[in-house]
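Let's take a walk through a protein together. Have the sequence and the 3D view ready, and rotate the picture as you read.

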Amino acid sequence: MSKLLLPFEWQLLGGTSKNVVGNWQREEHFLPQTESWEDYDTTVFPTSIIRLKGATRYYYSICPWNQSEADSANMVLAEDGGGQLKKYLLSKAPAAYFSLTGMPKNSRPIQPVVIRLADDDWRMYFWIHGGTPHMCRFLMAQSSNGLNWQVTGEPLLYHFPNDAESVSKPRQASNDATTVYRRHDGTYEFYSAAKTFVKPGSPHYIEKDHAGGCIRILQRWTSADGQNLSDPEVILAPDAQDPPDLQFYYLSCLEIKNYRFGFVGRYRADEQRTYLELVYSANGSHWERPFRDSCFPLQSPEEAFGIYAAASICTDGETIYMPYSAVNVSHNQSEHTEERPKRRNRLATIPMPQLFGRQASGGALLSPPWRILEKSQTLFFNPSDKPKLEILDSFGEEVLLSLEIQPDENGKFQLGYLDDLLNRVVRFKLSGDFTLYIMEL
């Protein structure tokens, strides 16, 4: 299997460099409001996109700003078949087109994550709010068609401190905003916000936040069967290099070849805004933060207070598709842009290689060694870049080939190898002023 080589893995030889992100493109309309009951309060955070033969299903949530989840949350199914979009509110009636049975009495479902194991074997993970006594728990349901669901098993996670039972179950304590992924080997990964606390007087205590002493961090659980979870491991927490009001709200994951790419909710409590930070990991446990900043500019009034990436981020060819919810209201709901608070569903795209870039100036970058196994290699730059490329031996001493790179209008450069370079272990040295993006080996 081929692997990805990230630009951060190259050694800087003189000059300067900084980490950059390529150009996001926004699609104005994604799952637009078509029903009176939506009223701009739907959210695709998190959501699942399931592609079937001739149709695509979208599972997402609805909850008005001015009502609690326990009173009004629900889930929505949208089906797009041949360009015709139909939407269905979740029903408790088993005979309904989109239904869920077995829920605790007077509880409401929200934040669905759907996984299709086989044509007749589906799972849905979701949070519930409400009930008597009040519950806030992460449940699982099963279905044979992805439409009619039945709750099964015991709760997997408990919201701390909103569910009283969470106090006695610290290994299952969470703060909702949970994403679930089934990996190629059949195992599962659960990512979720969790809490730690500080006291008044700490620089991390933000009084204006609706949970002033609460610091949101990110945890990961693994599971062989998607039902019995490991102990949690903390994978992302603010540190001394971060602003004192920084917290981490969620992690949506996209796995490509040898890396997991993380789309993280970067919540600035003092601003009451949630930005997007990009991270990456080789194993799901240890995550690198090459930017430590917002990686998706908030450009319009409709997303003035943040975006929330969907759980289902996918690729089509060399393009990454990121559905997200745009919000125009502060996290504590004290202010908003436009005439009233709204959530909107949007879609952004970016070329996969441009997700991570490194801009070099006045020096050079030296790659790790690798073995040439194919007759050509694709590199990605900005279209106007013209760096000098030297292919060196494994020691970085002998120059085997030297040329000036001239990318095409999309920034792509196809490098062909002579036969005498095949099966050689080499290093690349790039010199000049340029931006190097992800390359595939």
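We'll begin with a sheet, look at one of its strands, and then move on to the nonpolar cores.

Keep in mind that what you're looking at is a predicted model. Start by finding four strands that form an open sheet, lined up in the order β19-β20-β21-β22 with antiparallel pairing. Which strands sit at the edges? Those are β19 and β22, each of which pairs on one side only.

Now go across the sheet strand by strand. β19 (residues 246-256) and β20 (residues 259-268) run antiparallel to each other and share nine bridges. For a landmark, find Leu 254, whose bridge partner in β20 is Phe 261.

Next, step from β20 to β21 (residues 273-281). This pair is antiparallel too, with nine bridges, and here Phe 263 has Leu 278 in β21 as its bridge partner. The hairpin linking β20 and β21 has four residues between the strands, and in it Gln 272 takes a positive phi near 65 degrees.

The last step takes you to β22, which covers residues 287-288 and pairs with β21 in the antiparallel sense over two bridges. Look for Ser 281 standing opposite Trp 287 in β22. Five residues lie between the strands of this hairpin, where Gly 284 has a positive phi near 85 degrees.

Let's go back to β21 for a moment. Why can we call β21 largely enclosed by the rest of the structure? Eight of its nine residues are buried, so that description fits. As for the side chains, here's a handy rule: in a regular strand they alternate between the two faces of the sheet.

Time to look inside. The largest nonpolar core has 55 residues, and the ones touching the most other members are Leu 251, Phe 261, Phe 263, Leu 276, Met 322 and Leu 355. Several strands each supply at least two residues of this core, among them β16 (188-197), β20, β21 and β25 (319-327). The largest share, eight residues, comes from β19, the edge strand you met earlier.

Zoom in on Leu 276. What does Leu 276 touch, leaving aside neighbours within four places in sequence? Its contacts include Trp 24, Tyr 250, Phe 263, Cys 295, Phe 296, Ile 307 and Met 322. Two of those names, Phe 263 and Met 322, were also in the list of residues that touch the most other core members.

There's also a second, separate core of 21 residues, which includes Leu 5, Phe 381, Phe 428 and Met 439.

Key:
Residues are numbered from 1 along each chain as its sequence is written. This is a predicted model: local features need pLDDT of at least 70, side-chain atom pairs count only at pLDDT 80 or more; totals for chains, interfaces and linings use all residues. Side-chain values use heavy atoms; hydrogens and water are left out. A nonpolar core is a set of buried Ala, Val, Leu, Ile, Met, Phe, Trp, Tyr and Cys residues joined through side-chain atoms within 4.5 Å. Buried means under 20% relative accessible area, exposed over 50%, partly exposed in between (1.4 Å probe, protein chains only). Contact means heavy atoms within 4.5 Å. Two strands pair if DSSP finds at least two bridges between them.
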